[in-house]
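I opened this notebook to look up how two chains meet, and I wanted to take the contacts before the symmetry.

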2 protein chains.
Amino acid sequence: MDNGPRERRKSATRLALHQAALRLALEHGPDRVTVESIADAADVSRRTFSNHFAGKEEAIFYGDLLRLRRLLDLVRERPADEPPRTALTRAATALLAESDRLDPAWVAQRRLLRGHPSLIAHQVAAYAAVERELAAELGPRGADELRSKVLAATFLAALRAATRHWLEHPDRTLAEWVTEALS
Amino acid sequence: MDNGPRERRKSATRLALHQAALRLALEHGPDRVTVESIADAADVSRRTFSNHFAGKEEAIFYGDLLRLRRLLDLVRERPADEPPRTALTRAATALLAESDRLDPAWVAQRRLLRGHPSLIAHQVAAYAAVERELAAELGPRGADELRSKVLAATFLAALRAATRHWLEHPDRTLAEWVTEALS
DNA sequence: TTCCCACTGGGCAAACTTGCACGTTGGGCA
DNA sequence: TGCCCAACGTGCAAGTTTGCCCAGTGGGAA
């Protein structure tokens with residue numbers, strides 16, 4: 001983390017592109033949004049958009065990617081001798097504790113997904129990549145290769161299920177659903 | 001005027017540096033402000049400051065420079081057959097009409113000048129350069145070389161005098177003082 | 001079908017910003 | 001007086017953004 005003006009500017013434009021993409025997608029529907037309109041909304045050239053994202057879907061899901069990477073970091077921050085399942089549960093709890101103020105953009109993003117199967121392809125690809133990283137992180141904690149993969153897959157699946165469930169039953173907090181799902 | 005993202009960003013940086021410089025100079029005094037602190041306040045590197053301004057004084061007076069350049073443009077916008085003095089008067093009136101919402105930063109800037117003679121050197125240099133440009137603009141309107149220079153000099157001097165007077169006697173508007181001074 | 005056109009992805013050079021390094025300067029202190 | 005050091009100005013290479021370019025794609029009209 002260099003934290004000089006250069007890095008700050010770079011992630012600022014990336015964030016601006018993501019937020020513009022998400023806002024426009026929610027506003028007009030994901031299909032009626034052009035890369036150019038996103039770039040304009042972020043006060044950046046179309047070319048610069050391509051420097052950051054391979055397509056509008058990637059820009060829309062950038063927030064999700066950040067969230068997943070944060071989860072990975074939290075897992076890595078767990079003590080190295082912690083058993084795999086404990087580390088995963090604690091990391092998930094920590095992630096939810098960080099974002100207790102429920103990010104409305106993220107909720108909107110989730111709802112956006114439901115009606116647009118084309119977007120889901122990118123979503124699962126992103127999750128698959130993170131899943132591999134997550135499994136790799138579990139090896140050093142005493143899980144063989146297969147068990148690592150299974151744990152990572154089921155863990156993320158449980159998270160997704162709890163989130164989906166929460167969107168339909170907001171009567172309890174997301175944290176509660178997640179805790180229950182992980183048990 | 002290209003008005004693409006690049007130009008917008010560039011003048012935004014310049015403006016941010018100017019405003020940071022002015023704010024810090026008013027806050028701590030012009031002598032106790034370093035180039036680095038200005039750059040930090042504008043979220044820009046020290047090197048970038050040097051790419052825009054030769055020194056902190058230039059950054060502080062950038063607003064003045066913009067104002068003078070705007071005056072020059074207004075003179076150029078006057079009909080080409082308008083006699084020199086009329087064009088000058090009308091341009092000054094137009095400039096005042098544009099900035100009727102009295103820019104508090106500009107007022108503060110003027111007050112800042114009064115206690116710091118070192119800053120005045122830069123100020124007069126800037127005015128001298130504009131004065132030459134202004135004189136050059138008067139030639140095509142039927143004034144010989146000497147008369148152009150005299151007109152430009154007296155015109156700017158009258159503006160400065162009216163402004164100074166207004167700072168001490170804010171009981172009438174700047175526009176009124178200027179109109180009176182130019183007559 | 002064929003043509004047209006908006007949208008897209010990406011190569012390329014130029015512009016802008018940045019980090020680093022180096023030499024200079026001017027004020028404070030031993 | 002001589003030394004030290006913060007602030008400054010600037011050359012240079014690398015990173016980022018931009019404008020312009022061209023080729024590929026897909027959907028709609030002739």
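Entry one, contacts. I began with the contact list of this predicted model, and I found that seven residues of chain A are in contact with seven residues of chain B. I then looked up the area buried between chain A and chain B, which comes to about 580 Å², with carbon and sulfur atoms giving 36% of it. Within chain A, I noted that P5(A), R9(A) and D43(A) lose the most area to chain B, and that together they make up 69% of what that side buries.

Entry two, charges and polar pairs. I looked up the salt bridges between chain A and chain B, and the count is two. One that I could name is formed by R8(A) with D43(B), where the closest N and O atoms are 2.5 Å apart. When I sorted the residues on the side of chain A that touches chain B, I obtained two nonpolar, two polar and three charged. I also looked for polar contacts across the interface of chain A and chain B, and the rule finds two residue pairs.

Entry three, symmetry. How can chain A be laid on chain B? I found that a turn of 180° with a shift of 0.1 Å along the axis does this, at an RMSD of 0.0 Å, and that is the relation of a two-fold axis. In chain A, the C-alpha nearest the axis belongs to R9(A), and I noted its distance from the axis as 5.7 Å.

Entry four, the shared surface. I checked the interface residues of chain A against those of chain B, and 100% of them are also interface residues in chain B, so the copies meet through the same surface.

Key:
Residues are numbered from 1 along each chain as its sequence is written. Chains are lettered from A and ligands numbered from 1 in the order in which they are written. This is a predicted model: local features need pLDDT of at least 70, side-chain atom pairs count only at pLDDT 80 or more; totals for chains, interfaces and linings use all residues. Side-chain values use heavy atoms; hydrogens and water are left out. Contact means heavy atoms within 4.5 Å. Buried area is the accessible area (1.4 Å probe) that two parts lose on being put together, summed over both. A salt bridge is a side-chain nitrogen of Lys or Arg within 4 Å of a carboxyl oxygen of Asp or Glu. A polar contact is a pair of N or O atoms within 3.5 Å; within protein, one must be able to donate a hydrogen and the other to accept it, and residues adjacent in sequence count only if both atoms are side-chain atoms. Ala, Val, Leu, Ile, Met, Phe, Trp, Tyr, Cys and Pro count as nonpolar, Asp, Glu, Lys and Arg as charged, and the others, Gly among them, as polar. Copies are superposed by least squares on the C-alpha atoms of residues with pLDDT of at least 70 in both.
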